[in-house]
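User: Could you take a close look at one part of this model, the loops and the surface around them, and then connect that part to the strands and the core? I would like one continuous account that I can follow with the structure open.

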Amino acid sequence: MHKSFDLFFVSSNRHKYQEAKNILNLYGIKIGFLKSNLNEIQSNSLHSIAIEKAQDAFSKFKKPVVIEDDGLFIDFLDGFPGPYSSYVFKTIGNKGILNLLKNNRKAKFVSIITYCDKNIVKSFEGKLDGKISIIQKGKGWGYDPIFIPNGLKKTFAEINNKNELSHRYNALKKFSKWYLYKQE
Ligand code: IMP
């Protein structure tokens with residue numbers, strides 16, 4: 001069933017996979033999906049969490065894998081929720097975040113994409129600066145309804161070209177260049 005893919009995206013989050021698949025398609029890279037809850041260490045560093053997740057994914061599936069770890073870093077909250085973004089979304093959610101903010105609404109999304117096979121573990125970082133909206137707008141997953149990329153007036157959930165500018169796109173673009181070069 002998985003024979004046609006050389007590379008697998010391992011995650012418990014299908015939204016991330018769908019976006020990664022569309023982005024990697026632009027570079028001619030086809031990926032399969034392996035749904036799994038990976039080992040997530042407690043750390044203040046997305047890089048350390050991502051490396052641990054990638055090694056866990058490779059040891060589970062014994063195939064070349066990519067995983068992603070990301071976070072929303074809000075200036076007014078000194079970078080919170082950052083590496084705790086998943087937990088914070090599940091607990092206080094977008095409403096809770098909006099209740100915590102005042103005038104300074106600057107924020108950034110950071111994505112770490114980590115590749116792992118039996119010889120290599122390598123990470124790629126992508127960022128996107130923006131701000132937190134006043135109210136939730138649009139229907140999207142996670143923090144999409146409250147994140148407005150710099151230079152735009154609409155949230156990630158309201159635009160149709162998120163995959164052309166997101167933190168995920170910025171990290172996967174770097175990964176793709178490296179991966180395609182490695183395959184030559
Ligand atoms: P993790 O990388 O699985 O630890 O989760 C990071 C959390 O940040 C996710 O569970 C989402 O809630 C949120 N997140 C990451 N990327 C995005 C995005 O592109 N849109 C909306 N929320 C995101």
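Analyst: A residue counts as buried under 20% relative accessible area, as exposed over 50%, and as partly exposed in between. On that scale Asn-104, with 32% relative accessibility, is partly exposed. The model is a predicted one, and every value below is computed from it.

Asn-104 sits in the loop between α4 (93-100) and β5. Asp-129 is 25 residues away from Asn-104 along the chain, and the C-alpha atoms of the two are separated by 14 Å.

A second loop, the one between β3 (65-74) and β4 (81-82), holds Phe-80. Phe-80 is partly exposed, because its relative accessible area of 35% falls between the two limits. Together with Tyr-84 and Tyr-87, Phe-80 forms a nonpolar patch on the surface, and the accessible area of the three residues together is about 320 Å². In soluble globular proteins, nonpolar side chains tend to be buried together, which gives a background against which to view this patch.

The backbone at Phe-80 also deserves attention, since the peptide bond that joins Phe-80 to Pro-81 is cis, with omega at about 5°. Pro-81 itself belongs to strand β4. The loop between β3 and β4 is also the place of Asp-78, a residue that is not a glycine and yet has a positive phi of about 55°. With 77% relative accessibility, Asp-78 lies over the 50% limit and therefore counts as exposed. Lys-62, in the loop between α2 (46-61) and β3, likewise has a positive phi, near 55°, in a residue other than glycine. Its relative accessible area is 60%, so Lys-62 is exposed as well. Most residues other than glycine have a negative phi, and most peptide bonds are trans, so these are backbone features to check by eye.

Turning from the loops to the strands, β5 (106-116) is joined to strand β6 (residues 121-132) by 11 bridges, and the two run antiparallel. They form a hairpin with four residues between them, and within the pairing Ile-113 stands opposite Phe-124 in β6. Strand β6 also pairs with strand β7 (residues 147-149), again in the antiparallel sense, over three bridges. There the bridge partner of Ile-132 is Phe-147 in β7.

Another pairing is parallel: strand β1 (residues 7-11) and β2 are linked over five bridges, and Ser-11 stands opposite Lys-35 in β2. Between these two strands the chain passes through helix α1 (residues 14-26), in a β-α-β crossover that is right-handed. Strand β2 (residues 31-35) has four of its five residues buried, so the strand is largely enclosed by the rest of the structure.

The interior can be followed through the largest nonpolar core, which has 19 residues; of these, Leu-7, Ile-31 and Phe-175 touch the most other members. The elements that give two or more residues to this core are β1, α1, β2, β5 and α5 (167-183). The most comes from α5, with six residues. Strand β5 therefore appears twice in this account, as a partner of β6 in the hairpin and as one of the elements that give two or more residues to the core.

Note on methods: Residues are numbered from 1 along each chain as its sequence is written. This is a predicted model: local features need pLDDT of at least 70, side-chain atom pairs count only at pLDDT 80 or more; totals for chains, interfaces and linings use all residues. Side-chain values use heavy atoms; hydrogens and water are left out. Buried means under 20% relative accessible area, exposed over 50%, partly exposed in between (1.4 Å probe, protein chains only). Two strands pair if DSSP finds at least two bridges between them. A crossover is right-handed if, with the strands pointing away from the viewer, the path from the first strand over the helix to the second runs clockwise. Patches are made of residues with over 30% relative accessible area and no salt bridge: like charges are joined within 9 Å, nonpolar side chains (Val, Leu, Ile, Met, Phe, Trp, Tyr) within 5 Å. Accessible areas come from the Shrake-Rupley method with a 1.4 Å probe; for residues, only the protein chains shown count as cover. A salt bridge is a side-chain nitrogen of Lys or Arg within 4 Å of a carboxyl oxygen of Asp or Glu. A nonpolar core is a set of buried Ala, Val, Leu, Ile, Met, Phe, Trp, Tyr and Cys residues joined through side-chain atoms within 4.5 Å.
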